[in-house]
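Q: Please take a close look at one helix pair in this model. I would like to know how the two helices meet and what surrounds them.

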Amino acid sequence: MSSIRKVAELAGVSLGSVSRYLNGHQLKEQNMKKIAAAIKELDYKENIIAKGLKNNRSFSVGFLMNSISSQFGAEVVSGIEEVMEKHGYSVLLSGFKGDVSLVDQKIDYLIQHAVDGLIVFMSEQDWDGMERLAELPIPVLTINSPVKLPGVDRVQVDDRKSVRKVVEQFVHEGHTQIGILAAPQNDYVARERLLGAKQAVEQHSDVSLVIEYGDYSRISGYLGSEKLLKQDITALIVTNYNMMTGVLEYLQHSKLSEQKKLSLAHYDYTSEMAELLADRIIIKAPTKEIGQRSAQMLLDRMNEEQPSEGKNEIIENEIFGL
């Protein structure tokens, strides 16, 4: 059976370097590659149970979010698992499916399963007990939450900047009546996206922003686009993928849309369509990167010798077609 000593010998590094690598510490990139290659060649398997007992760790982390079955959530989870599994951790998933009364129960469940850290993907509108996260006995990281908590790390996607850049492009192209199909404003991300559009037009007295609200559903996208096109808009940005599918259905079948040349921008989960549809702007959240960065930040926090202040990481969306 391979040992950590054999891994160190094959990689040409010290035992301490291999130990730090296995515990999630960052080393020189060259040394990390050597260790990873040696582990693969020797088919080295750690005794996770013995290691956990020795270090008082379970080598598992919890991930709590509203809907883990959504495409966005699934891709974030994939990024988290990729990094965590590389460092010998498993990921325990838990969702509350819109029922915020279950959140405390879900957190208790994860803590009872002795997770070494917790990633929480929800906004303050989902759960008004966010302060509890700062009181947990384990490292915690939040994704897309506006709430700053002591000792809790945050990963934020800069949706406001993305939408602002898109609307500024519409203004640059000469559009003066710009429509936006926004999501319910009780959600932090939805507010950020609408605010970005408002900031873009407030510098131009001759530009109007026409706002309609959907409810994240396909049908609300269909009905919302119908209302917006009747108000003589020449450009439209849709701030949610599901609503966008309804918008596209309306544009395909509506005689009104045939009478207008409409500039269109929307959120999408993939970048592939951007290569086929050069007539529109597509905003894509880097979901894999969000998961990977969140996982690495949590690993760094779990391996800290001394507690530090919460860190805030800003990730920008990819924009195609600008």
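A: Here is a walk through that pair, from the whole chain down to one residue and out to the core.

The model is predicted. Its chain has 322 residues, and 47% of them count as buried. The secondary structure comes to 13 helices and 12 strands.

Now the pair. Helix H5 covers residues 71-86, and helix H13 covers residues 287-302. Their axes come within 7 Å and cross at roughly 40°. Angles under 35 degrees would count as roughly parallel, so H5 is oblique to H13. The crossing of H5 and H13 is right-handed.

Which residues meet? On the H5 side they include Phe 72, Val 76, Ile 80 and Met 84. On the H13 side they include Ile 290, Gly 291, Ala 295 and Leu 298. By class, the contact has 10 nonpolar, six polar and three charged residues.

Look at Val 76 in H5. Leaving aside residues up to four places away in sequence, Val 76 touches Thr 287, Ile 290 and Gly 291. Val 76 also touches Phe 63, Phe 121 and Ile 143.

That leads to the largest nonpolar core, which has 26 residues. Val 76 is among the residues that touch the most other members, along with Phe 63, Ile 80, Met 84, Ile 143 and Ile 290. H5 and H13 each supply at least two residues of this core, and so do strands S1, S3, S4 and S5. Apart from it lies another core, of 20 residues, including Val 163 and Leu 209.

In soluble globular proteins, nonpolar side chains tend to be buried together.

Methods: Residues are numbered from 1 along each chain as its sequence is written. This is a predicted model: local features need pLDDT of at least 70, side-chain atom pairs count only at pLDDT 80 or more; totals for chains, interfaces and linings use all residues. Side-chain values use heavy atoms; hydrogens and water are left out. Axes are lines fitted to C-alpha atoms, for helices over the stretch in contact, and angles run from 0 to 180 degrees between N-to-C directions. Helices (H or I, at least four residues) and strands (E, at least two) are DSSP runs, numbered from the N terminus. Angles under 35 degrees count as roughly parallel, over 145 as roughly antiparallel, 65 to 115 as roughly perpendicular and the rest as oblique. A crossing is left-handed if the near helix is turned anticlockwise from the far one by less than a right angle, and right-handed if clockwise. Contact means heavy atoms within 4.5 Å. Ala, Val, Leu, Ile, Met, Phe, Trp, Tyr, Cys and Pro count as nonpolar, Asp, Glu, Lys and Arg as charged, and the others, Gly among them, as polar. A nonpolar core is a set of buried Ala, Val, Leu, Ile, Met, Phe, Trp, Tyr and Cys residues joined through side-chain atoms within 4.5 Å. Buried means under 20% relative accessible area, exposed over 50%, partly exposed in between (1.4 Å probe, protein chains only).
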